[in-house]
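Visitor: I would like to learn how to read this structure feature by feature. Could you take me through it slowly?

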Amino acid sequence: MAEFNRKSDTVPKPPESRENPTVGIAPSPSENIGQKRLADFDLDGKVFIVTGGARGLGLSLAEALAETGGKVYCFDREPKADEGWNEAARRADKFGGSLHYKQQDVQDTEGLDRTIAEIADKHQRLDGVIAAAGVQHLSPAQEWTRDEVNRMMDINYTGVMMTATSAARQMFKYKIHGSMCFIASMSGTIANKGLLSPVYNSSKAAVIQLARNLAMEWSPIRKDGTGGIRVNCISPGHILTPMVLKNFEEVPGLRETWEKENMMGRLAETTEFKGAALFLLSNASSFMTGNNLVIDGGHTAW
Ligand SMILES: NC(=O)c1ccc[n+]([C@@H]2O[C@H](COP(=O)([O-])OP(=O)(O)OC[C@H]3O[C@@H](n4cnc5c(N)ncnc54)[C@H](O)[C@@H]3O)[C@@H](O)[C@H]2O)c1
């Protein structure tokens, strides 16, 4: 038996972008100009999935999509979302969008596929995904076991790949041209001073590379109307989230080190990434694909 499966005997090629240009993703200027304020950012009636959406960064990004009219399904492995989630859901209601919660582990590929298909079938569409579920663990390289490495890669990399492919299947099925945003990290392109996280950092590098490759495969709009899915990453610098607060407990003085390491002299709040997520998931970024927005207070710029 072959070590890896492929559905056809020949090796398929990615679609030729020139033969399958992505025209028509954004509304034409004549539709937009003078009709509505910032129409390119409008997500009214669109349906999204945000993994890791129970708390932290995922929740803030989900809220950004709901505030602009999106119906947003937050997936998380936790049985219940954080307290702040209910408050965010109430706020979303006020803005005409909605937040919904599904307990769904990104390591459970079959469950992920089923839950994403149920959502797409219910709404007869799926417009995009933010893959923010991720875990961090600090320890020296030589202490990592094979199982631990596999577990972290399974959540941080394979979980993103499986979320994206499940979502793409539905977006192809309903011929929805949309957008995906993977939450990588500035740690995907640098080693962090004062932090031993070899596997986390490589998992994020893998995510950045995955976005480029999926963008090449899915961005062109094929003759049958499928495709037109843009894929990008956001690479945040250090943000004050439960994940990072745990790092501060584990490594005394780390907060001060990190605050000194960027040009802003402070760490980020989760809300400071909402604009970028909305940009990437909406038509405002209709010419952006296969790339990585680094938002790190200048951390990697000096
Ligand atoms: N906090 C930072 O400084 C920072 C910086 C760069 C990138 N990131 C990335 O941002 C994302 C969100 O991180 P955060 O800081 O908000 O962390 P967080 O721990 O506060 O939130 C992560 C969420 O992902 C969920 N999750 C973990 N494993 C899961 C799984 N297998 N299936 C489904 N859900 C799962 C957790 O339950 C949690 O709700 C992560 O991908 C993280 O790597 C964080």
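**Reading burial, strands and a ligand shell**

Guide: Let us begin with Lys 175, which is partly exposed because 14 other C-beta atoms lie within 10 Å, and keep in mind throughout that this is a predicted model. The residue sits in the loop between α5 and β5, and its phi is positive, at about 50 degrees, although Lys 175 is not a glycine.

Visitor: Where does Leu 38 lie, and is it buried or exposed?

Guide: Leu 38 belongs to the loop between α1 (29–32) and β1 (47–51). Burial is read from a count of neighbouring C-beta atoms, with 12 or fewer within 10 Å meaning exposed; Leu 38 has 11 others within that distance and is therefore exposed. Its phi, near 50 degrees, is again a positive value in a residue other than glycine.

Visitor: Why is Trp 258 classed as it is?

Guide: The cut-off for a buried residue is 20 or more other C-beta atoms within 10 Å, and Trp 258 is buried because it has 23. Trp 258 lies in helix α8 (residues 254–260) and, leaving aside residues up to four places away in sequence, touches His 238 and Leu 267. The C-alpha atoms of Trp 258 and Gly 194 are separated by 8.5 Å, although the two residues are 64 apart along the chain.

Visitor: How should I read a strand, and which way do the residues of β6 point?

Guide: One can follow the side chains first and the pairing afterwards. In β6, Arg 230, Asn 232, Ile 234 and Pro 236 point one way, while Val 231, Cys 233 and Ser 235 point the other way, and all are buried. Strand β6 (residues 230–236) is thus mostly covered, with seven of its seven residues buried.

Visitor: Which strands does β6 pair with?

Guide: With β5 (residues 179–183), β6 pairs in the parallel sense over five bridges, and Val 231 of β6 is the bridge partner of Met 180. Between these strands the chain crosses through helix α6 (residues 198–218), in a β-α-β crossover that is right-handed. With β7 (residues 292–295), β6 also pairs in the parallel sense, over four bridges, and there Ile 234 stands opposite Leu 293.

Visitor: Which residues come nearest to the ligand?

Guide: Of the 28 residues around the ligand, Gly 52, Gly 56, Gly 134, Thr 241 and Met 243 come nearest. The elements giving two or more residues to this shell are α2 (56–67), α5 (146–173) and α7 (242–250). Sorted by class, the shell holds 13 nonpolar, ten polar and five charged residues.

Definitions and conventions. Residues numbered from 1 in each chain as written. Predicted model: local features only at pLDDT ≥ 70, side-chain atom pairs only at ≥ 80, totals over all residues. Pairing = 2+ DSSP bridges. Right-handed = clockwise from strand over helix to strand, strands pointing away. Near = placed C-beta within 6 Å. Nonpolar A, V, L, I, M, F, W, Y, C, P; charged D, E, K, R; others polar. Contact = placed C-beta atoms within 7 Å.
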